[in-house]
Amino acid sequence: MMRSNRRIPAVAALAASVPLALAGCSGGTGTPAEPSGPITLTWWHNGTTDPIKSIWAKVIADYRQAHPDVTLKGQPLQNEDFNTKVPLALQSNEPPDVYQSWGGGELASQVTSGKVADLTELTKDWAPSVGKLAESWQVDGKQYGVPWEQHFVGFWYRKDLFAKAGVTTPPSTLDELGAAVAKLKAAGITPIAVGGKDRWPDAFYWNYFALRACSADTLKQSVKAVKLEDPCWTKAGRDLQAFLATQPFQPGFTATPAQQGAGSSAGLVANGKAAMELQGDWEPGTMSSLTEDKDLDSKVGWFPFPSVPGGAGDPAAVLGGGDGFSCTSRVAKACAEFLKYIGSEPVQTQLAAQGAGLPMNVSAAGALKTESLKTVFDYGQKAPYLQMYFDKAFPTAVGAALNDAVANFFAGQGTPEGIVEAVNKAAAGDK
């Protein structure tokens, strides 16, 4: 999955910083000297399918041609594998030199290993140009990674299936979404696909109901404290419970993967078996690899998560974040140079033009390949508040506990209060 989480200057704040006591853990203190002569960088990324798989292959070839002394060894991993493989690698003597990172509390947890490089000095001349999202790769004010693309989550939908069911306009309120679900069902169409097997797609729903229920100040304070105390968090669960009662998803959704195969949730939408999916801007690129339909882009549209009555959240607040990379300390200088290259206009333009994501480099935004992606980009630019996915904003163990609790809730187990309790209990144990 190309999940991410990216930001631009227009967004007011990112609630993703989790202060930790990291004295003595900085990659900038006691970092080994850079080896002289030819360097090999091992690079863990999540580009398992095209278009990003081919883009990264070209990046490897082009970078080697421009830097004859640097050999890049790319290792694609499924998105879900990073949750287990990165922590284990950071405990070993041979972690990857460059690895996929989503910043926030998850990165803060990784920094405690002592293996993640402090890139503050190495990136100070160019990291600020990335925009406010780069702050989500900071821990205690130090830069431990850099985002290379930004993400916003909303509903991707099939225009043809909406038309078949008589849904004439994308829903802008929760009531309108419910009405669309009912019309799609009446037409014999699965309204919404969700990849419940992977858990994080379930969490997107709870995340968004929380964004609509809680004010921006409450979101920021709660993430910083790693504690959910305001009643709005329970309201989010109750709103989700009411939505689940409409049974909007495909049969057997708890066993459906998100992005692997034509039977995945993305595959169901790509092949016209479901009308919509709540996913990030990576969805078109993911879907294109799961269908033979060459006209898919013209059949797909996007709309933001609808407003929800009775909440204190801004109805235009958006869930998202960015994909980024962090470095380990063995060859931190060479790694930082490579990250700078990924953020350059030529690479960023490739990403935009081939539908691989929303570029961090705004000069590449004009190359976005579809009107839908341009709509997402513009919406994110104007959003008054961006909330990083909670499973990435929180420390690793807390984010995992949240996703597990929400997935169990989707499966009919637990309560709205239980989700809040699971997060607070995990946070208490994490400290």
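**Figure 1. Asp217 and Lys220 form a salt bridge within helix H8.** In this predicted model, Asp217 and Lys220 are three residues apart in helix H8 (residues 216-225), so about one helical turn separates them. Helices here are DSSP runs of H or I with at least four residues, strands are DSSP runs of E with at least two, and both are numbered from the N terminus. The closest N and O atoms of the pair are 3.9 Å apart. To count as a salt bridge, a side-chain nitrogen of Lys or Arg must lie within 4 Å of a carboxyl oxygen of Asp or Glu. Asp217 is partly exposed at 47% relative accessibility, and Lys220 is partly exposed at 31%. These words have cut-offs too: buried means under 20% relative accessible area, exposed means over 50%, and partly exposed is in between (1.4 Å probe, protein chains only).

A note on reading the views: residues are numbered from 1 along each chain as its sequence is written, and side-chain values use heavy atoms, leaving out hydrogens and water. Because the model is predicted, local features need pLDDT of at least 70 and side-chain atom pairs count only at pLDDT 80 or more, while totals for chains, interfaces and linings use all residues.

**Figure 2. Two further salt bridges join Lys124 to Glu121 and Lys299 to Asp293.** In the first pair, the N to O distance between Lys124 and Glu121 is 2.9 Å. Lys124 is partly exposed, with a relative accessible area of 47%, whereas Glu121 reaches 56% and counts as exposed. In the second pair, Lys299 and Asp293 meet at 2.8 Å, N to O. Lys299 is partly exposed at 27%, and Asp293 is partly exposed at 23%. How many salt bridges does the rule give? The count comes to 14.

**Figure 3. Strand S3 has buried residues on both faces.** Look along S3 (residues 98-101): Val98 and Gln100 are buried on one side, and Tyr99 and Ser101 are buried on the other. Which strands pair with S3? Strand S1 (residues 39-45) pairs with S3 in the parallel sense over two bridges, and strand S10 (residues 318-327) pairs with S3 in the antiparallel sense over four bridges. Strands are said to pair if DSSP finds at least two bridges between them. Tyr99 is a handy residue to follow here: Tyr99 is the bridge partner of Trp44, and the bridge partner of Tyr99 in S10 is Ser326.

**Figure 4. Trp44 is a buried residue of strand S1.** At 13% relative accessibility, Trp44 counts as buried. Leaving aside neighbours within four places in sequence, the residues in contact with Trp44 include Gln75, Leu77, Phe82, Val98, Tyr99 and Phe325. Contact means heavy atoms within 4.5 Å. Pro128 is 84 residues from Trp44 in sequence, and their C-alpha atoms are 24 Å apart in space.

**Figure 5. Helix H14 packs its buried residues against helices and strands.** The buried residues of H14 (residues 345-353) are Val347, Gln348, Gln350, Leu351 and Ala352. They pack against helix H1 (52-66), strand S6 (146-158), helix H13 (332-342) and strand S11 (358-359). Gln350 counts as buried at 17% relative accessibility. Not counting residues up to four places away in sequence, Gln350 touches Ile55 and Lys58. Just after H14, Gly355 takes a positive phi of about 75°.

**Figure 6. Tyr205 sits in the largest nonpolar core.** A nonpolar core is a set of buried Ala, Val, Leu, Ile, Met, Phe, Trp, Tyr and Cys residues joined through side-chain atoms within 4.5 Å. This one holds 136 residues, and Trp56, Tyr205, Trp206 and Leu339 touch the most other members. Which helix gives the most to this core? Helix H7 (residues 200-213) does, with nine residues. Beyond residues up to four places away in sequence, Tyr205 touches, among others, Phe155, Ile192, Val194, Leu240 and Phe410.
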